[in-house]
Amino acid sequence: KLKLEAEAVKKSLSLGASAAFSIESLADGIDFSLTINRTRYELLASKVFGSFNRLIESAVQKAGLDNLDINEILLSGGSSHTPKIASNLKSIFADATVTAPSTNPAAVNPSELTVRGAAIQASLISEFEKEDVEQSTHPAVTVAPHLAKAIGVLVGDEFVTLIDANTAVPVRRTAQFNAAEGDVLVKLCEGVSEIKVTKEEPAPKEANGDDEDSDDDSDDEPEETREKIWKAGDVIAEAAVKDVKKGSKVEVQINVNADLSVQVIAREVGSKTGVRGTIEASA
């Protein structure tokens, strides 16, 4: 009875700010009841939530990624209804979109997410013969080739990553850049990411002669801000766009084919002519 009531209260606190915990004849015929709010519940469960955070961060590190590499998180399972779990993940993965009922009311019910996905997949293959299903699930079909490194474009001093690492191919990206008048050199480069750590010193506090406050000031640590930045790595190819007019822009289109060969088109925006080239995939 205690476990069932605790589960019901947990679900109630996922929706509201407080819930009533009541068990009839808990022990020796004595009834038990109390009211608990969400803040108290989150405080009591803080160690459990902390273990979730450590497990997820450990998985990201083992994958050779940084927290800033994660751009979307989809929560699945009954405990995903708990708002604190979603808010913790949002604080850890600042650049990611966390999809959960507490962050997006239109999100699919996490308790039904796995079975719904299985049902959709079953409905898609229900009309196929067994041999067709086996052929379509062969590793040669399901394991799509992908880029090992990011690809970006360097025009002047401006570098922009157009295709992230691990993106499945084929893929196409197009971007426009401000350009100086005259001939413009466009470089297709591998994108190299690094984490920039900036420490902001705490603002100085006015001395008031209080020793206790002085001790607190000495414990202040600079706030650390982490930011993912991209830089141009090895140059893959270069192209020169001739006679660019003043105030015009240069458009660059990158097509990565299934065989990992790359087609590049660079031209002045509005012009019918441009530079086109193909880079074959390395063996």
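Which residue forms a salt bridge with Lys-10, and how far apart are the closest N and O atoms? In this predicted model, the partner is Glu-7, and the closest N and O atoms of the pair are 3.8 Å apart. Both residues belong to helix α1, which spans residues 2-15, and they sit 3 residues apart, about one turn of the helix. Glu-7 has a relative accessible area of 35%, and it is therefore classed as partly exposed, the class between the limits of 20% and 50%. The pair is one of 6 salt bridges counted in the model.

Two further salt bridges join parts of the chain that are distant in sequence. In one of them, the side chains of Glu-190 and Lys-149 meet with an N to O distance of 3.4 Å. Here the partners are 41 residues apart: Glu-190 lies in strand β8, while Lys-149 is in the loop between α7 (139-142) and β5 (150-155). Lys-149 counts as partly exposed, with a relative accessibility of 47%.

The other pairs Lys-242 with Asp-183, the closest N and O atoms being 3.8 Å apart. This bridge spans 59 residues of sequence, from Asp-183 in strand β8 to Lys-242 in strand β9 (residues 223-244). The two partners fall into separate accessibility classes, because Lys-242, at 56%, is over the 50% limit and counts as exposed, whereas Asp-183, at 48%, counts as partly exposed.

Asp-183 deserves a visit of its own. Strand β8, where this residue is found, covers residues 182-200. Beyond its neighbours within four places in sequence, Asp-183 is in contact with Val-241, Lys-242 and Asp-243. With Asp-243 there is also a polar approach, as the backbone nitrogen of Asp-243 lies 3.0 Å from a polar atom of the Asp-183 side chain. The backbones can be followed here too: the C-alpha atoms of Asp-183 and Val-244 are separated by 6.0 Å, although these residues are 61 positions apart along the chain.

Strands β8 and β9 appear again at the largest pocket, which holds about 460 Å³ of space. Its lining is made up of 18 residues, and those closest to the centre are Asp-69, Asp-164, Ala-165, Lys-228 and Trp-230. The elements that give two or more residues to this lining are β8 and β9, and β8 supplies the largest share, 3 residues. Sorted by class, the lining of the largest pocket contains 7 nonpolar, 5 polar and 6 charged residues.

The second largest pocket has a volume of about 360 Å³. Of the 14 residues around it, Leu-147, Glu-190, Leu-260, Val-262 and Ser-282 are the closest to its centre. Glu-190 thus brings the reader back to the salt bridge with Lys-149 described above. In this second lining, 9 residues are nonpolar, 2 are polar and 3 are charged.

Val-262 leads on to Thr-278, which is in contact with Val-262 and Gln-263 when neighbours within four places in sequence are left aside. Thr-278 is found in strand β12 (residues 275-279) and is partly exposed, with a relative accessible area of 48%. A look across the model gives a sense of scale: Thr-278 and Ala-19 are 259 residues apart in sequence, and their C-alpha atoms are 64 Å apart in space.

Key. Residues are numbered from 1 along each chain as its sequence is written. This is a predicted model: local features need pLDDT of at least 70, side-chain atom pairs count only at pLDDT 80 or more; totals for chains, interfaces and linings use all residues. Side-chain values use heavy atoms; hydrogens and water are left out. Helices (H or I, at least four residues) and strands (E, at least two) are DSSP runs, numbered from the N terminus. Contact means heavy atoms within 4.5 Å. A polar contact is a pair of N or O atoms within 3.5 Å; within protein, one must be able to donate a hydrogen and the other to accept it, and residues adjacent in sequence count only if both atoms are side-chain atoms. A salt bridge is a side-chain nitrogen of Lys or Arg within 4 Å of a carboxyl oxygen of Asp or Glu. Buried means under 20% relative accessible area, exposed over 50%, partly exposed in between (1.4 Å probe, protein chains only). On a 1 Å grid over the protein atoms alone, a cavity is a set of points where a 1.4 Å probe fits but cannot get out, and a pocket is an open set with protein on both sides within 12 Å along at least five of seven lines; lining residues have an atom within 4 Å of a point. Grid points are joined across faces, edges and corners, and a volume is the space filled by probe spheres set on the points. Ala, Val, Leu, Ile, Met, Phe, Trp, Tyr, Cys and Pro count as nonpolar, Asp, Glu, Lys and Arg as charged, and the others, Gly among them, as polar.
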